[in-house]
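Reader: Hello! I am new to this structure and would like to learn about its charged and aromatic side chains. Could we go through them together?

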Amino acid sequence: MKTNLVKITMAFALLCLPVAITGCGGSPADVTQSATATATTTPTPPLANYSVEDKTLEYLESFGTSSWNTEASKDIAEKIRVKARESEEDKYTYLEIADSIEKDDIQNVKKLFTKIGGVIPASVVSRYPDPTPTPVPTVEPAEGGEIVTYSDLDQEFGARALNLAKNFLEKDLSQEIRDEAQEVILKSLEFLTKENQSKFKEMAIAIQKDDKATVEKLYTELLPLYQGIPASAAAASAAAASAAAASAAPEPVAAPDDIIHLKGKSDQATDFFNLKSGIAIVEATDAGDSNFVIYLYDETGNSKEMLVNEIGPYKGKSLVVIPEDGKYMLNVESDGSWKADITQSIPDNIKSAPVKLTGKGNDVVFARLQSKLTRFTSKHVGESNFVVKVNDSLLLVNEVGNYSGSTAESIESDGIYVFAVEADGQWSINIE
């Protein structure tokens, strides 16, 4: 069937198109009693009234003295675990205190005791001062790059792993994506501090097994330690400024070429920006490892267009029709840093048919066509969807995987036409 394809009017309305994580159950024991004994029930002694702070302080004051012994430490640790079961807010901190007491990790007990509001006695401070910090080694930078410390790498990869965990807790990820998240975290372990490697490893395995309770526990423990801020002063200052900018809604910037520049980190809704009726081209990049989705909303929230729906690091262009002049916004789902540049202008130096258009991945390209019967030969080397639409009104190709084929379409008017391509590999469109 031949389709009459009408040229887009080029007054800039040229581009007015339609686009688109008891013990019970035992047998009673036999008790032998003398004939004259009276059977009595001994009441259970009431549980002593104590706090975790009290018991931790008792350990701190007795550790290393003549009154300290291993059995006493075990008893204190067990009492703290009992209190942990009664607390929702500090449960995991209490359990870590108990474990550290049993391991005689006095420095960690001191740190956690301070965390729950305790004041370390002067006697403990004098007997067990904090160790002198070891100078942080540096990693030689690549040519022309900045010096990066191991602490910087720990913060960067730790924050990245926690972003994956957050994505897992908030979204229903497929098994394939959970496997990928586990692999990414496990590959990052060598860059993380040794004391936290086991926790990140446990978290990675829990994500792969869809164990949300364990992931949530470890995420809560690790989050205060990893905010993605490098240790060096200069880098910390820059990261703080970047984090402050990312925490606010991105501010659209109108460049001389009328490009709207947006950027952010993780899930974010942008400020409103103005678009004219016609087409808009959105060039987006994402540095995350999980789902990357972009929706376009109008000011009323009624118009909802999905521009991108990909997984992992992404770079590509999408075409969308803007029905009328007004204010619009992007709603972005991501687990990493992202950018989106929006333009409503057409490029210079558009080639005329016969011409061969080529590219890789999602793209938007233009060509000048003549009013005649035109042959389109398309090829794709990839594994996912391959879709080619002209002016968002003519579907040339809609296939999956590798493809090679051609079709003839009747072009009604001379002019510029826009091709929106969806692909995951190399592609070409030969126009004759």
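Author: Happily! A word to begin with: a residue is called buried when its relative accessible area is under 20%. Please also keep in mind that this is a predicted model.

Reader: Is Y295 buried or exposed?

Author: Buried means under 20% relative accessible area. Y295 has 16% relative accessibility, so the residue counts as buried.

Reader: Y295 pairs with Y297; what kind of aromatic pair do they form?

Author: Y297 is buried too, with a relative accessible area of 18%. The ring centres of Y295 and Y297 are 6.5 Å apart, and the planes meet at 50 degrees. Planes under 30 degrees apart count as stacked and those over 60 as edge-to-face, so the rest are tilted. That makes this pair tilted.

Reader: How many aromatic pairs are there in the whole structure?

Author: Y295 and Y297 form an aromatic pair. A search of the whole structure gives a count of eight.

Reader: What is the angle between the ring planes of F63 and W68?

Author: F63 is buried at 13% relative accessibility, whereas W68 is partly exposed at 25%. Their ring centres lie 5.3 Å apart, and the pair is edge-to-face, with an angle between the planes of 75 degrees.

Reader: Which residues form one aromatic cluster with F63 and W68?

Author: F63 and W68 form an aromatic pair. The cluster that holds these two is completed by Y59 and Y128.

Reader: Which residue forms a salt bridge with E58?

Author: Side chains of opposite charge can pair when their charged atoms come close. E58 is partly exposed, at 37% relative accessibility, and its partner is buried, with a relative accessible area of 14%. The two are three residues apart in helix 1 (residues 52-62), which means about one helical turn separates them. With the closest N and O atoms 3.2 Å apart, the partner of E58 is K55.

Reader: Over the face of which ring does K55 lie?

Author: K83 lies over the face of Y50, at 5.0 Å from the ring centre. K55 is 5.4 Å from its ring centre, and that ring belongs to Y50.

Reader: How far apart are the closest N and O atoms of E183 and K187?

Author: These residues are four apart in helix 7 (residues 175-188), so about one helical turn separates them. E183 is partly exposed at 43%, while K187 is exposed at 56%. The closest N and O atoms of their salt bridge are separated by 3.0 Å.

Technical notes. Residues are numbered from 1 along each chain as its sequence is written. This is a predicted model: local features need pLDDT of at least 70, side-chain atom pairs count only at pLDDT 80 or more; totals for chains, interfaces and linings use all residues. Side-chain values use heavy atoms; hydrogens and water are left out. A salt bridge is a side-chain nitrogen of Lys or Arg within 4 Å of a carboxyl oxygen of Asp or Glu. Buried means under 20% relative accessible area, exposed over 50%, partly exposed in between (1.4 Å probe, protein chains only). Rings of Phe, Tyr and Trp (its six-membered ring) pair if their centres lie within 6.5 Å; planes under 30 degrees apart count as stacked, over 60 as edge-to-face and the rest as tilted. A charge sits over a ring if NZ of Lys or CZ of Arg is within 6 Å of the ring centre and within 35 degrees of the ring normal.
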